[in-house]
Every structure is written in structure tokens, then in C-alpha cells.
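Here are some short questions on how this chain packs. Look at the structure, then work through the answers.

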Amino acid sequence: MTRPIALVGPTATGKSDLALDLAARLDGEIVNTDAMQLYRGMDIGTAKLPLAERRGVPHHLLDVLDVTETATVAAYQRDARAAVDATRRRERTPIAVGGSGLYVQALLDDLAFPGTDPAVRERLEGELGEVGPAVLHGRLAALDPEAAASILPSNGRRIVRALEVVEITGRPFAASLPRPGRPRHDTLLVGLDRDTAELDARIATRVDGMFDAGLVAEVRALEARGLRAGETASRAVGYREILEVPDDDPARLAEARRRIVVATRRLVRRQRSWFRRDDRVRWFDAASPTLVDEVLTALREGS
């Protein structure tokens, strides 16, 4: 059967375009590994490729959740692995694409999911409501610095989960993550990156394009469908900042645009940190004019 490829690395480097180019050369199908692209209607703000721009290439794990539903890594692992396996049975090449590190790891590695304790979870969620995520993030940093470094201080749900695992297992949350070994199906991990100044400029241009394409209207439409109540979707970069502007005041929207650029650059730093720790990733310059051929050569060398 065909060897899969996983395209990883910071946002805005060009992973989606490379995936389509590789799919054309390898008779490929694309499997999404971006947590926020799982959501229906979250299109502009997640840079989801419109159907008309997918060049006829099948895409899997896009638009499978409503914004009120909570994405879970366990459910994603089940569904994404099934999509990869089905693609291989069709003798086509699975190409996983996205920058959500934990989702990539769930797809490729023996990622186990520690149990839950309803009483502990309820207590921690109560504390979250009383003191806010920053305080609990500080507690996590004292108990498990590695986990805290990988979780945003504003991500209350993941902070609560990490603290729950630490409490019920007596081990760091990171201990539940597998040590990278041979990836499932011997997948080739391809990392894309660009010069930081170049990537910063691309991010600013991308955010401007999102606003021009109707990002504010998209957020308002999703707000009417319950976006604010969505534990996962409401925290997405771009959506969170606009939700904080209730009246669409132009000055406040301009400030939201600035904060989206800053938050995206912060996301890039976290993604680099996550994927650079994995020595299985083969890194490529996303600006290389021979990028597709370089990746194909790496794929042949590992076969």
C-alpha cells in the first residue's frame, strides 16, 4: 500500500497548496489535521480551501462538527485513522495536512487517553469559573511545566483536562503522550517553514484578506448558530477576537484585526516549538521553487 505523508509546521507557510500539488502527482487524498477546520461554517477564519479550489482532490475531516460541539482528540483519532486506512485500501496516497500538533500525533502515534474522574472534573471546572484560566494555568505550570508550555493560558478546557490527568494519575500530563517512534504506516513527516519576517508579512496579508472576504459576517452568522457556547470553536484565533467586539465598531474591529495578527504570530511560535521537538520531521523551505520535487525525493528515499 502507499506510504502516507503528513505536512506539518506553522500556519500560513503554504501547506494546503503543497498538499494539492502532491496529490496531483501521487493520486492523493487529503486528511485534515487542523482542529478548527473540523467545524462547519468556520471557513474564512481558518483559511479552509473553498470546494472550488480543491482541484477535485477528495478532502476528509472537514466540516464534520457544528460550532456548538466540542472537538475531542479521541474522536478525531478514530475518524482520521479510518480515513487514512480507507484511502490506502483504494491504493491512493493519504496526505495529512494541518498544524494542530496533538491531532497529528493522535493520527500517527500510539496516543492513549487517560480516564476521567467526574468529581475531579466538576471541581476543577468550578474553580475555572471562579478564578479564570490564568490562575489554573499558573497552577499547572508549577505541577507540569511542559504541559503548561504547550497550552494557552486562555484555554480553560485543556488546562482543566491537564490538571485532571495530573491529579488522577499522579504523573505529568505529558507522560500520557507517547514518545515518538516509528509513525503509523511509516508516514513521512514533512515540515514546512519560512523566514520569520516573510511569514510575518504573509500572516498580515492573510488577515487583511480574511477581513476583505467577510470574516466579521462569518463570525456573526456563526454567533447566531451558537458559536459563543462552543467550548472549542469560540476560542479559535480570529473568531475569539471578533466575538469580543459586540457592536462592529470600526475602531474596535481594527484593533481586533491587530490582535488577530499578534495571536497568529504567537500560534506560529507554539507550532514551531511543538514540531521542532519531533526529530522525525524533515524540514523544507516553503519558498523553494523545487519544493514538490524535494518532497517526492524524500518520499522515494524512505520507501
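Q: Which residues of S1 are buried on its two faces?
A: This is a predicted model: local features need pLDDT of at least 70, side-chain atom pairs count only at pLDDT 80 or more, and totals for chains, interfaces and linings use all residues. Numbering runs from 1 along each chain as its sequence is written, and side-chain values use heavy atoms, without hydrogens or water. In a regular strand, side chains alternate between the two sheet faces. Both faces of S1 are covered, with buried Ile 5 and Leu 7 on one side, and buried Ala 6 and Val 8 on the other.

Buried means under 20% relative accessible area, exposed over 50%, partly exposed in between (1.4 Å probe, protein chains only). Strands (E, at least two residues) and helices (H or I, at least four) are DSSP runs, numbered from the N terminus.

Q: What stands opposite Ala 6 in S5?
A: Strands pair if DSSP finds at least two bridges between them. S1 and S5 (residues 188–193) pair in the parallel sense over four bridges. Opposite Ala 6 in S5 stands Leu 189.

Q: Which helix gives the most to the largest nonpolar core?
A: A nonpolar core is a set of buried Ala, Val, Leu, Ile, Met, Phe, Trp, Tyr and Cys residues joined through side-chain atoms within 4.5 Å. Of the 50 residues in the largest one, Tyr 39, Met 42, Tyr 76, Leu 227 and Tyr 239 touch the most other members. Elements that each supply at least two residues include S1 (5–8), H2 (73–89) and H11 (250–276). With seven residues, the top contributor is H11.
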